[in-house]
Amino acid sequence: MYADFQRFLQKEISDIREAGLYKSERVIVSPQGAEIEVSSGKKVLNFCANNYLGLSNNPQLIAAAKQALDTHGYGMSSVRFICGTGDLHKDLERKIAEFFGTEDTILYAACFDANGGVFEPLLNDQDAIISDSLNHASIIDGVRLCKAQRFRYENANMEDLEKQLVAAKDCRFKLVVTDGVFSMDGNVAPLDKIVALANKYNAMVMVDESHSAGVVGNTGRGVTEHYNLKGQVEIITGTLGKAFGGAIGGFTTGKKEIIEMLRQKSRPYLFSNSIPPLVAAAGIKMVEMMSETNELQDKLHRNTAYFMEKMSKVGFDIKPTASAICAVMLYDAKLAQDFAAKLLEEGIYVIGFSFPVVPKGLARIRVQLSAAHEIEHLDKAIAAFEKVGKETGVLK
Ligand SMILES: *Cc1c(COP(=O)(O)O)cnc(C)c1O
């Protein structure tokens, strides 16, 4: 039997290759950081990690994790509601709620699970979910698992959102869902306008802060801080896998009855293992560090502003944003691929994105800034961009 299926898969895989969509993985042999070593022995400057605050290899987080290994062991061997709840899990949930100014938090193994498990327990076929067209795959999957009626609005388009809110007006409960920062353009969701429209049409709001927590807002509290809306959205989801240390884990934080219901009914919470105590301990340390000092957020904001300003001056087409994602627009898919390959030769690791990840004709290189970068790293990247830009005729 397998022979037929094997031939089928081999054909599909070769089609993926021919379409130029095959994903291969570069092997890193050093810790994650501004400078990384890949398996060929080459050292490159890394501008494609979600390591926004440079915490992936932070000595204080490592020390907290090591200490938790000694005091709490390695694994929990249980879901939370049987015997997988430790004091560190409860502490981290409290700390995350303090961080965002919310009422309570529930942890998951990943934000993919938080989004996968948030809709189905809360809403049914009498209700409506109104979702941005560029929302993350995990939100799309979570919505699919829920019986609520589905409405979609064009990315960050408030006219369209209002149309969808009107279309959904007879539904019992309405929930507008958006990413805080959209990962391909780096644009920040217009949460002030979303909340205003939601209020007008009696809808609730959920924002996924995965790319914005630790990044957006003066103190990195995310888009709710950026728009002065702390405590005004019902549901926030986020990840411990990006700015918050980069290991693993996700969370939903918000109104306490919502969190309480998720603990009763959310399937990825009820039927999947508890995060390791060492990850919870490092998460607690991370929030404590961010309450004591704003150093890392300030450095990230300085780095981002510096990079975007210099790149525009050099002549690149940059989308301005309050996030730490800089989309360098090249438009042509082949050019974006070649450009990224040439940058790697120059020791700059970035990724070119083209269709179907972004719309046809809007290929780009995505640069992700980090507090781990020093000015000399940024200058080296800008010089390499300029050199390759001239070689490829992108810059005159
Ligand atoms: C990365 C990301 C996720 C997934 O987070 P994990 O914790 O890695 O599962 C979910 N939503 C958004 C918007 C993301 O960017």
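So, the domains: the protein chain splits into domain 1 (20-49 + 294-391) and domain 2 (59-292), with bounds taken from an automatic or database domain assignment. Keep in mind that this is a predicted model, where local features need pLDDT of at least 70, side-chain atom pairs count only at pLDDT 80 or more, and totals for chains, interfaces and linings use all residues. Residues are numbered from 1 along each chain as its sequence is written, and side-chain values use heavy atoms, with hydrogens and water left out.

Back to the two domains. Taken over C-alpha atoms, their centres are 27 Å apart. Domain 1 puts 19 residues into the contact and domain 2 puts in 20 residues, where contact means heavy atoms within 4.5 Å.

Okay, pockets. You'll want the recipe: we work on a 1 Å grid over the protein atoms alone, and a pocket is an open set of points with protein on both sides within 12 Å along at least five of seven lines. A cavity is a set of points where a 1.4 Å probe fits but cannot get out, and lining residues have an atom within 4 Å of a point. Grid points are joined across faces, edges and corners, and a volume is the space filled by probe spheres set on the points.

How big is the largest pocket by volume? About 1100 Å³. It has 33 lining residues, and Lys-23, Ser-24, Ile-351, Gly-352 and Phe-353 are the closest to its centre. Helix 14 (333-345) and strand 12 (351-353) each supply at least two residues of that lining, and helix 14 gives the most, with four residues. Helices here are DSSP runs of H or I, at least four residues, strands are runs of E, at least two, and both are numbered from the N terminus.

By class, that lining has 16 nonpolar, 12 polar and five charged residues. For the classes, Ala, Val, Leu, Ile, Met, Phe, Trp, Tyr, Cys and Pro count as nonpolar, Asp, Glu, Lys and Arg as charged, and the others, Gly among them, as polar. Domain 1 and domain 2 each give at least three residues to the lining of this largest pocket.

Next one down: the second largest pocket has a volume of about 370 Å³. Of its 19 lining residues, Leu-134, Phe-182, Ser-183, Met-184 and Val-357 are the closest to the centre. The class split for the second largest pocket is 10 nonpolar, five polar and four charged. Here too, at least three lining residues come from each of domain 1 and domain 2.

Now the closed spaces. How many cavities of 30 Å³ or more does a search of the whole structure find? Two. The largest cavity has a volume of about 80 Å³, and its lining includes Arg-80, His-89, Tyr-108 and Tyr-269. Strand 3 (104-108) and helix 11 (267-270) are the elements that give two or more residues to that lining. Its residues divide into six nonpolar, four polar and one charged.

The second largest cavity holds about 70 Å³ of space. It has 14 lining residues, with Asn-46, Ala-49, Asn-51, Ser-370 and His-373 nearest its centre. Split by class, that's seven nonpolar, seven polar and no charged.

On to packing. A nonpolar core is a set of buried Ala, Val, Leu, Ile, Met, Phe, Trp, Tyr and Cys residues joined through side-chain atoms within 4.5 Å. Buried means under 20% relative accessible area, exposed over 50%, and partly exposed in between, with a 1.4 Å probe and protein chains only.

The largest nonpolar core has 87 residues, and those with the most contacts inside it are Phe-244, Phe-307, Ile-365, Val-367 and Phe-385. Helix 12 (residues 277-292) brings the largest share of this core, nine residues. Each of the two domains contributes at least three residues to this core. Apart from it lies another core, of 20 residues, with Ile-106, Ile-235, Ile-259 and Tyr-269 among them.

Let me zoom in on Val-367, in strand 13 (residues 363-368). Val-367 counts as buried because its relative accessibility is 0%. Not counting residues up to four places away in sequence, Val-367 touches, among others, Phe-47, Phe-307, Val-350 and Phe-385. Val-367 and Thr-304 sit 63 residues apart in sequence and 9.9 Å apart in space, C-alpha to C-alpha.

Last residue: Thr-252, in strand 9 (residues 250-254). Why does Thr-252 count as buried? Because its relative accessibility is 0%. Leaving aside neighbours within four places in sequence, the contacts of Thr-252 include Ile-106, Tyr-108, Ile-235 and Ile-259.
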